[in-house]
Every structure is written in structure tokens, then in C-alpha cells.
Amino acid sequence: MDKYQEQPHLLDSHLEWMMHLLLDIVQDNRSPSSLVHLAFKFFYIITKVRGYKIFLRLFPHEVADLQPVLDMIAVQNPKDYETWETRYMLLLWLSMTCLIPFDLARLDGNILSEEGCTRMPIMDRILNVAKSYLVVSDKARDAAAVLVSRFIIRPDVKQKRMADFLDWALSTLSNSSFQTMEGTVVMDGMLQALAQLFKHGKRDDCLPYASTVLECLDNCKLSESNQTLLRKLGVKLVQRLGLTFLKPKVAKWRYQRGCRSLAANLQFSAQVPVVQNLVIAAADEEEYDIPGEVENVIEQLLIGLKDKDTIVRWSAAKGIGRITGRLPKELADDVVGSLLDCFSFQETDNSWHGGCLALAELGRRGLLLPSRITDVVPVILKALTYDEKRGACSVGSNVRDAACYVCWAFARAYDPLELKPFVNQISSALVIAAVFDRDINCRRAASAAFQENVGRQGTFPHGIDIVTAADYFAVGNRVNCFLNISMYIASFPEYTQSMIDHLVNMKINHWDGVIRELSTKALHNLAPQIPEYMTNVVLPRLLPLAVGTDLHTRHGAILACAEITHALYKLAAENNRNDLIAFFSPAVCTLIEKLSLSKMPFREDPIIDGWQWLINDSLRSLPLVSSTARQQIKEAAVSALAALCNEYYINEQREASPALQGELLQQYISELQNTEEMIRCGFSLALGALPRFLLKGKLQQVLEGLKKVICISHKDVSFAESRRDGLKATAKVCQTVGVKRNGPQDEFVCKDNVVQIYTMLLSGMSDYTTDSRGDVGAWVREAAMTSLMEVTLLLVQNDPELLDANICKQIMCCVAQQSAEKIDRFRAHAGSVFLSLLNFDNPPIPHIPHREELERIFPRSEAVTLNWNAPSQAFPRITQLLGLPAYQYYVLLGLTVSVGGLTETTVRYSAQSLFDYMKKIQNDLGAMNNFCETLLQVFEDNLLNDRVSVPLLKMLDQMLANGCFDIFTAEENHPFSLKLLTLCKEEIKKSKDIQKLRSSIARMEIQLLNLERKTTASQVYEMLITYSDIVDPDILDEVMTVLSDTDWDAELPLVREKRNYLCDLMKVPKPQLVSKEAHAC
């Protein structure tokens, strides 16, 4: 049962049957006593988890139950320590049965027994039981107090026994001493009983005795006891007495926030703010005298706020809130003034903690008027950073935690306009506590308070962003808070200076060395945010502290000076370096390019080495600049390199110096394996820009270097931009060296290396890498398509025989696949490349599969007007390629991710185009078989590849629902359904993706009518046994029964009814029948 402790309400639906099961044992006279005690032990366990107030309602409490319960209690041994649960539960049960609405005297009947002796009345029996158990040392004492509170307040009992019971309780209390263990137990029972009695009793009944009880309580001097529980019960009883002295009315002067709903508040905050706060006027407040005892009560509660134990302070704070709510406005304001005295620096941390709890209670109840906020907020801000050193450690974490609770309560209590003047102070203080507090519970409390203010007030600067970064789990790691989250929050100027000031004033002199070191590292990270403030204010403040007398302060100040100085140096160096690169690199490279094109007489001059160094340095500095400046630098450096090489590195024989050529290429090729992606990009493009004479005899070496850039490896899988530029460079190199069929492979594109080149380029067509930026592999695929087109046109213009049929087929099919995919921009590029290759006629590209059919589908007259960006124009054309065997697999693979995608227009037009094609071949069994074989092949090739398999399952869902495979219902034992089911089963094996599992179940469910019904039902049955958690347990048995008992070979109407029933049970869409006439259309 312990696992229900945090959410005990989950047990409510099961309490009744558990109760009856145990009561049958308890009420059975034949049950052995050991079994009865065990049943009551189980009763106690349930009560402990759910709470006796809820569980007790289910106990039988009729007139007939009173006597048996009393009899069972009478036979119990109060000294048997092994059966205390039985006595505890019987007393609680008795407290329920004694509420019967009849005079107990009626139940006595003839009180003369058969022997002539007078029997004790039931009223006295119950009272004696309660008294006897109020002084026991086990938990039955608590139940006896509950029994007293319910029994004494009965109309018949309070007239006859209330005064006597109070006399007995007070005399017992007075004669007991908390100095002894026995006396402590007795006082605990008496105080519990009195507190419960004054809580549940009517004021008119309790008021005559309140003064006497208060006087007795004062004489007990419980505040001097070292028993925490006694002091807590004393405070609890005092506040109940105070409430008895005061009339039970809600203060009309209280502050009321007009809009308490969070949803309504968020909606309201988006509109023009209107004052909704009301302080109810007290003009019509009834005047009445406040008894003098109330002052004594409030004084004792204020003393309780300073108690050394938290539970006493918490009880006193709640008492302050309850009593203040019944006081006139002027007296309530006096209470608030006395409460603020708790926050003097002469007071202990206990006083500060109790004061915070009391302020939160007053604010939560609307008893702290807006006029007092100006006095309260400065106190709370100090409490949020309260930290007093005690020996080798410090105290104050509970004060800071309670201060966060006050901020949380204020967020719910006040209108945003009331707290608006203090928003910056409170938000900064909460952020500092959430990020820089030493204790995890304080950081989490501050994070929760900040989140509450963001939601309720809606005025905290950058609230949503900060709540997202500094949530409950993120602030759990102290190092992460100091070094990472703080940097993010400090990027918002409203918080930067206050965070730095807190670190300098409160943290670098902290008693914990770890905190001092983390604080100085945080200052290092925050220095770049406001370097002028660090230089002009922070460092001058730290220097005197670095030579001070306090060792902790000196240590922290020295570290802080070192970290800040280092950070400022790095900032200056980085800013200068980056500014130089961003501003001057493009300009310098352009100057080098123009001087080279102008043929300036610098051949063999040392300045050329300087220019070369500048170009190389610009390429190596790409990671240091912004993405916007990066492209400009790359283009300028590559253009400058080409011009420089063409002018100054070529000799009279139109060749390059072997030493210079080897050194330059070795340097550039080695940079292709740099750990920085941008450096790879720059030097890849640089290789692509080299002139032919520098590549002569080194082509294979260059291609091998570029191949390593293009291929995906485990360590650089995210380097999509370098692969993109590697593909571009490969095409440029091929165009530079030219084509010669039988030439050496180190100098030309020839028959020996053409396959290698196409393999490199085609590998980019399968790059589907994704990261936080999305489908970055699309950049690679786009570059691959462009490069394939450029190299293919180069070959066909120079030596078409180098293009064999297999290469042409791969190119056209891969591009066709891309032209059927879901991203509009890349689909448009693929379509443009596809039509460029198809329509090129200088000379025409050989070996294009199904050229005539393609030219009919894509007439040259429409090549310019066809908008591939628009799904409504692109998909009706590209789906026609499904009828061409060479393209069917690739186009279907591309369509799969479009039909099963998320973009509404893409899904709609791609699906409609696919269904239109399916209607055309619906009556052609051969075409349908070919299509289904291809579909299954796509599924099989992409098993467990969620990029394809999940959209494929969605596509299958739509196709089945549209009756695309109805033709197979006329053919028995068609293999398509069995293969499809096998693949679905393989796809979801060991999968925990509920959507995937539901989709596959839906797939099988839909086929129960259309394909092999009996086999499909068996497969569904097996899968539900394996993956029972994907179906609601309440319907699982019914689904299994229908699947196993139905004759799936029966007549179609009967089977359809069972199939639809299953669909309703499992909440999957029922398939819609499509008539043959609709197919014919």
C-alpha cells in the first residue's frame, strides 16, 4: 500500500470491497482472535495511507453497531503492545457509531441486570473508554481524542457530561508534569482531546469554559517543555481557544483578488489591464468588544512563531492567519506590525522562519492589505538571501525556503497591478535563489515560486523563457545552475547586474569553499555580458577584499579577480580577432583576387606566401565568425585562391612546381579531416577551386580526400555542411580536369574512375541526417543532385560512352525519388534537375529508362510552367511514374514519406494522386500484383527505419481505408496480406511506440474483411497476447473472445458486423466501402 502514499485518492474505488472483506472477518464470532487482530492491522494500514477521515465514513455506523463495538473494546487489553492497531481502529469505529441521532439513554433499556445489579449506561461506558485510552502510551491515544471530540459535543452528552469531562481533563493536565515520561503521555492525551473538542464543538457550548482552559494552559508553562509535540499541541489548543473567543465571521475588510482562476488570469493579462482588486469596506462592520484573552492568545502564538521546532512554528503561523481573519481591521494591522518585528536581525533564524510562514498565511487569506506590501517586500527580499554562519556551517535554508513560499502565496493573492512596483526586485531575487542557492530544496522552491508568478502575475520579464530553462529538474544540479543556467538568464539585461552583485556580495565570501569556487567561475562566465560594469565597479570592489582579514572573503576575492581578469582578456582578444575576420577577411581576399587578376609583378616574391597564408587563415577562422559572415568569407577566399594560383603558381611550361604542388595539396587534403566542420567546408571548396595544373597527377589523391569528407562516419555524422561542400567540390574538380576516356586516372575523368566518382555523388542521395536544425541531410541531397547533373552533362558532352545504362538508371531513379518527397524546396530542385537531364539534347543523355513515357508525362512545353513547389501540380505528375517499372520502387519510396507525413497540403495532394493511380490499375491484376510486390519490398527494405516505416504504416492505413486492395478479396489465399502482416509484426517487435503499435493493429483489423480473414484474426489474437498493454484492459477479454469465437469464413454481412464491432471496441476507424462504380470513375 505504501506506493499509494503520494496519491492515496487512487484507492477510493477499492476501499469499499476491502472494507467488506475485512469486516466479514471481524464480525464473524467464529473468527479466531489472531485473525481478527490481523484484520484490524490491515484496517490500520489502509487508514494510514488514505487517512482516517475518508476511510472512517465507510464503517457501519447504525444503532445496531454500537453495542458490538463497545463489547469488542471492552475485551481488549490496553497493555498488549502487539494489538494496538485493533484498539486504535475500534476507537475510531466507535467515534463513528456514537454519532447516531438518538438519545443514548434510549439504548439502555432496563439498566437492571438479571442479578439485580445496575448496569452502567452506554453514555458512561463510552466516556470511560475514552478516558482510559487518553492516558495510554500507544497510538490509541490519538483515536481516543477523536472519539472525545465527536462524543462530547452530542446534544445529550454535552448537557450531562461536558462540564465533568473538562474538569477531569483540566485537573489531570494540572496534576501531570512534562518532566516525566508518564506525565508527558498523559498531557499529550489531554491536550489532543481539548484541541479536538474546541475545534469541532459549537462556540456557544465551548465559550463558557474557554477562559478556564486558557488559564490552566498558561499554568502548565508548555513553552518551557523540551517535548516538541506538547508545545505543538499547546499552540494548537491556544489558537482554538482564540477562535472560540472571537465570533465566527469572515473579516469584511479583507483583500479580495477578483480573478482567482489561472486560465482566466492568463486571458485577462492579454487584455487591457483593469483594476479588479477590492478591499471590502468595513463601514458596515458590526462593532463588538474583543475579549481581553485574545491578546494573551496572540502573544502566545507570536512566541510560538519563534519556537525551535518547525511543526510548532507552522501551527502558530496557521493560528495567526485564522485569528487575524476574525479581528477588526485596526487590530489586524497591529498583528501585522508585531509580526514584522520577528524580522529583526537580533532575532534568530527560527523567528525569521516563523514570520515568513505567518506572512504567507496572511497573504494567502487576503489579510495582508496592499498598503502593507511596501513594508513586507523588503523583509522578504532579505529572507530570500538569509544565511547566518554558525561555526563551520550556516543556518537559514529553512528561512529562504519559507520566503519562497511567501512569494508563491503573494502570486496567487494579489492582482498584478498591486505587485507591479516590486516586480523587478522579486523576480531578480527569485532567479538568484533558484540559480545560486546552496541547497537544492531552496533552488526548487524558488523555481516553483518564479513559475507561479509567471503564470499568475504575467509581469515577470522573460518569464516563460526562464521557467523553461530553470525548471524543477534543471535546478537540481548545482554545477549546472552556477555555470550554465546562470549564463542563459544573465543574457536578459534585467537580471545581469543583480546576479553579479549577489555573487560578489554574498557568495565569494561563503563558508563553503565549493560555493566560492563555483561563484568565481560563474563570474568568469557572466563577465562578457557587462564588461564595463565588471571593469569599473566589480574589480575595484574586489581588490580591497583580496587583502582583507577574513580568510573566506580573501580566498573568494582573489579567485574572483583572477577569473574576471581572465574573462575580460579573452573577451577583448576574441572580439578583436572576430572583428578582424568578419570585417577584413572578405576585403583582404578580394584585394588578393583583384591584384592577381591584374597580373601584378609579384611572381616568386615572398609576399605571395603572405597572401597564401592570409587565404588559409581565413578558411581556418570560419568557426569563429557568425553564420552570415561565414558564407561571404568562404566565397571571397575561394575566389582569391583560384586567381592567386592561376597567376603566380604556374611556370612557363604551364605546370606547377612539384614541391609547391605537393605541399599545397597535402596541406589542403589534411585539413579535410579537421575536427571543425567549417574548416572542412572551407578547404573542400578550396580544392574545388584549384586550377587544372595543380590537380595534374594528383586527381586520385584529391578524390580520396573528398571521399572521406562525403562518406558518413560515426564521429562526424552531424557534419552535413562539410558533406554538402565536399560534393560541390567533387563536381568542380571533375569539371576542371576534364574528360578523357582512356586517359590516366590521376589526370582526367576516365573509364577507370568514373564509377568511383558516381558512387561518391550517389552516396549523398541517401543522406537523411537530422539534428536540432531538422533534416540537414536535405542540404547534402540537394548538392548531390546538382553535382550529378553537372558531371553527367560534362560526360555526355565529351564522351557519352562513359555513361553506362546502370549509372543513368540510378541517377534518374534517385532524382525521381527526391521529386516525390515532402519538403517543397528540395522537391522543386529535384524536379528541375530531373527535367534538365530528360530534356538535354546537346547531345541527349543516353540510357534514360522509359524516355518516351517520361516525355509524354512531362512535355517540354510545360517544363517552364510546371511548379514543383506546389503539391497540387507536382504529385499528379510524379505519381504517373509508378506505372514505369524502373521508377516504381523509388517513386513509391518518396511518396511514402509524403503521404504519411504531417504537412496538410502535401499529405492531401500526394495521397489523392496515389489513390487516383490505384483506381486506374484497380481492375488490372498484374499491375496490382507488381505494385504490391514493390510496396512490400519498400517495407522490407526499411524495417525498423522510423523515417520510412512510420509514414508507411500511415499510408497503408489510408490505402486500406480507401479500398485500394479490394481486388484481392476475390482471390483466395492471396499472399499479399500474409506478407504484409508478417512485416507489420516484425516492425513492432519489441517496440514501445504506442502509435506504431496501434497503427499496426489497425492495419490487421481492417483486413479482417478484405483479405485472409481467418489468418488475420489469428495474427491479431497472437499480437494482443504479446502486446496486451496497447489495448484497454477493460475490453481486452471481449476482443479476444470475439477474435477466437467468430467464424471468419462465414457470410460477409455477419463477418462485417463482427469486424465493425471490433473496430468500435478498439477505437480504430472502420473501413469505408468503395463501390466498383467509384473505382471505374
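**Notebook: helix packing, pocket, and a few local checks**

I started with two helices late in the chain: Val754, Tyr758, Leu761 and Leu762 of α36 meet Ala784, Ser787, Leu788, Val791, Thr792 and Leu795 of α37. I sorted the residues of this contact by class and got 8 nonpolar, 2 polar and no charged. I note here that I am working from a predicted model.

I then looked up the geometry of the pair. α36 covers residues 754-763 and α37 covers residues 777-798. Their axes are 9 Å apart, and the packing angle is about 155°. Angles over 145 degrees count as roughly antiparallel, so I entered α36 and α37 as roughly antiparallel to each other.

Next entry: pockets. I looked up the largest pocket and wrote down a volume of about 710 Å³. Its lining has 31 residues, and I listed those closest to the centre as Leu384, Thr385, Tyr386, His502 and Met506. Which elements supply at least two residues each of the lining? I found α18 (373-383), β3 (388-390), α21 (423-436) and α25 (493-507). Of the elements, α21 gives the most to this lining, with 7 residues. By class, I have 11 nonpolar, 11 polar and 9 charged residues in the lining of the largest pocket.

Salt bridges came after that. How many does the structure hold? I recorded 42. I picked one of them to follow up, the salt bridge of Arg438 with Asp512, where the closest N and O atoms are 2.8 Å apart. This pair links distant parts of the chain, with the two positions 74 residues apart in numbering. I placed Arg438 in the loop between α21 and α22 (440-456), and Asp512 in the loop between α25 and α26 (513-526).

Last, I checked the backbone for unusual entries. I found a cis peptide bond joining Asn842 and Pro843, with omega at about -5°. Pro843 lies in the loop between α39 (824-839) and α40 (851-857). I also noted His462, a residue other than glycine with a positive phi, near 55°. I located His462 in the loop between α22 and α23 (463-469).

Key:
Residues are numbered from 1 along each chain as its sequence is written. This is a predicted model: local features need pLDDT of at least 70, side-chain atom pairs count only at pLDDT 80 or more; totals for chains, interfaces and linings use all residues. Side-chain values use heavy atoms; hydrogens and water are left out. On a 1 Å grid over the protein atoms alone, a cavity is a set of points where a 1.4 Å probe fits but cannot get out, and a pocket is an open set with protein on both sides within 12 Å along at least five of seven lines; lining residues have an atom within 4 Å of a point. Grid points are joined across faces, edges and corners, and a volume is the space filled by probe spheres set on the points. Helices (H or I, at least four residues) and strands (E, at least two) are DSSP runs, numbered from the N terminus. Ala, Val, Leu, Ile, Met, Phe, Trp, Tyr, Cys and Pro count as nonpolar, Asp, Glu, Lys and Arg as charged, and the others, Gly among them, as polar. Axes are lines fitted to C-alpha atoms, for helices over the stretch in contact, and angles run from 0 to 180 degrees between N-to-C directions. Angles under 35 degrees count as roughly parallel, over 145 as roughly antiparallel, 65 to 115 as roughly perpendicular and the rest as oblique. Contact means heavy atoms within 4.5 Å. A salt bridge is a side-chain nitrogen of Lys or Arg within 4 Å of a carboxyl oxygen of Asp or Glu.
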